Amino acid sequence: MSGHSKWHNIQKTKGAADAKRSQIFTKIAREMIVAVKTGGSGDPANNSRLATVIAKAKAANMPNDNIKRTIDKALGSGNTDSYENVVYEGYGPCGVAVIVEALTDNRNRTAPFVRHIFDKYGGNLGATGCVSWSFDQKGVIVIEREDLDEDTVMMDALDAGADDMTADDDCFEITTSPDVFGEVLAKLEEKGYVFASAEVEMVPQNYVKLESEDDVKNMEKLIDFLEENDDVQNVYHNWEQN
């Protein structure tokens with residue numbers, strides 16, 4: 001997640017996302033399988049975690065057939081996929097706070113990889129809780145501005161139960177508490193809104209600027225290599241990108 005503007009990050013990575021669409025769908029599918037198994041239901045109306053993942057899948061343009069197949073697979077008696085949620089925390093160059101969320105079937109594979117990437121690109125892996133205290137968990141919904149009226153979007157978002165909305169030249173960024181994220185999303189979807197991004201995220205309370213070109217390059221590589229790993233679901237940080 002980028003500093004201040006989620007949309008900045010979406011724009012920057014869209015080309016890469018198009019090229020890596022298969023990997024993105026694989027990661028979302030893994031998340032969906034876990035949501036079905038932990039929630040005990042393949043019906044998003046009765047499984048809020050699954051509803052959240054489905055919203056994320058739709059924002060990533062994952063086809064409905066893929067979504068249905070993944071849910072059916074998770075419900076199948078022969079499915080033996082077993083993943084656990086693991087969160088790693090550490091620091092990038094110049095003390096940038098980094099949170100790495102992973103879904104893995106082998107901690108002994110994932111942990112050494114994450115540690116290696118931190119070490120290689122000017123950071124270090126820390127203890128649990130070393131940076132998460134400086135982040136807030138929020139639902140973040142991004143809608144492309146296009147020809148939408150700002151006041152109307154704001155009113156619809158607040159009526160749906162959102163906490164706040166910010167706007168720039170390209171998009172509207174709506175934030176919610178995690179508890180009502182799915183409900184807000186459903187109400188906005190009913191009104192016909194299409195989402196550029198929609199998920200519950202770790203949002204930094206403050207941001208760090210990197211002045212050195214070497215630090216910027218190392219931070220970019222740290223994020224890129226982590227995100228390219230199949231086990232890593234999300235990478236959050238408080239680097240303020242231009």
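**Helix packing around T52 and helix 7**

Leaving aside neighbours within four places in sequence, T52 is in contact with F181 and V200. The model in which this contact appears is a predicted one. T52 is found in helix 3. With a relative accessible area of 19%, T52 counts as buried, because the cut-off for that class is under 20%.

One partner of T52, F181, leads conveniently to helix 7. This helix spans residues 181-190, and F181, V184, L185 and L188 are buried in it. Seen down the axis of helix 7, these buried residues fall within an arc of 100°, so they line one face of the helix. Such a pattern fits a familiar rule: an α-helix has 3.6 residues a turn, so residues three or four places apart point the same way. The cover over the buried residues of helix 7 includes helix 3 (48-59) and helix 6 (150-160), together with strand 4 (135-144), strand 6 (171-176) and strand 7 (197-204). After helix 7 comes G192, which has a positive phi, near 95°.

Attention now turns to another pair of helices. Helix 2 (residues 21-39) packs against helix 4 (residues 64-75) at an angle of about 45°, and their axes are 9 Å apart. That angle makes helix 2 oblique to helix 4. The crossing of helix 2 past helix 4 is right-handed. On the helix 2 side, the contact is made by F25, A29, M32, I33, V36 and K37, while helix 4 contributes N66, I67, T70, I71, K73, A74 and L75. Sorted by character, the residues of this contact comprise nine nonpolar, two polar and two charged.

Conventions
Residues numbered from 1 in each chain as written. Predicted model: local features only at pLDDT ≥ 70, side-chain atom pairs only at ≥ 80, totals over all residues. Heavy atoms only, no water. Axes fitted to C-alpha atoms, helices over the stretch in contact; angles between N-to-C directions. Helix = DSSP H or I, 4+ residues; strand = E, 2+ residues; numbered from the N terminus. Parallel < 35°, antiparallel > 145°, perpendicular 65-115°, else oblique. Left-handed = near helix turned anticlockwise from the far one by under 90°. Contact = heavy atoms within 4.5 Å. Nonpolar A, V, L, I, M, F, W, Y, C, P; charged D, E, K, R; others polar. Buried < 20%, exposed > 50% of the residue type's maximum accessible area, 1.4 Å probe, protein only. Arc of directions from axis to C-beta.
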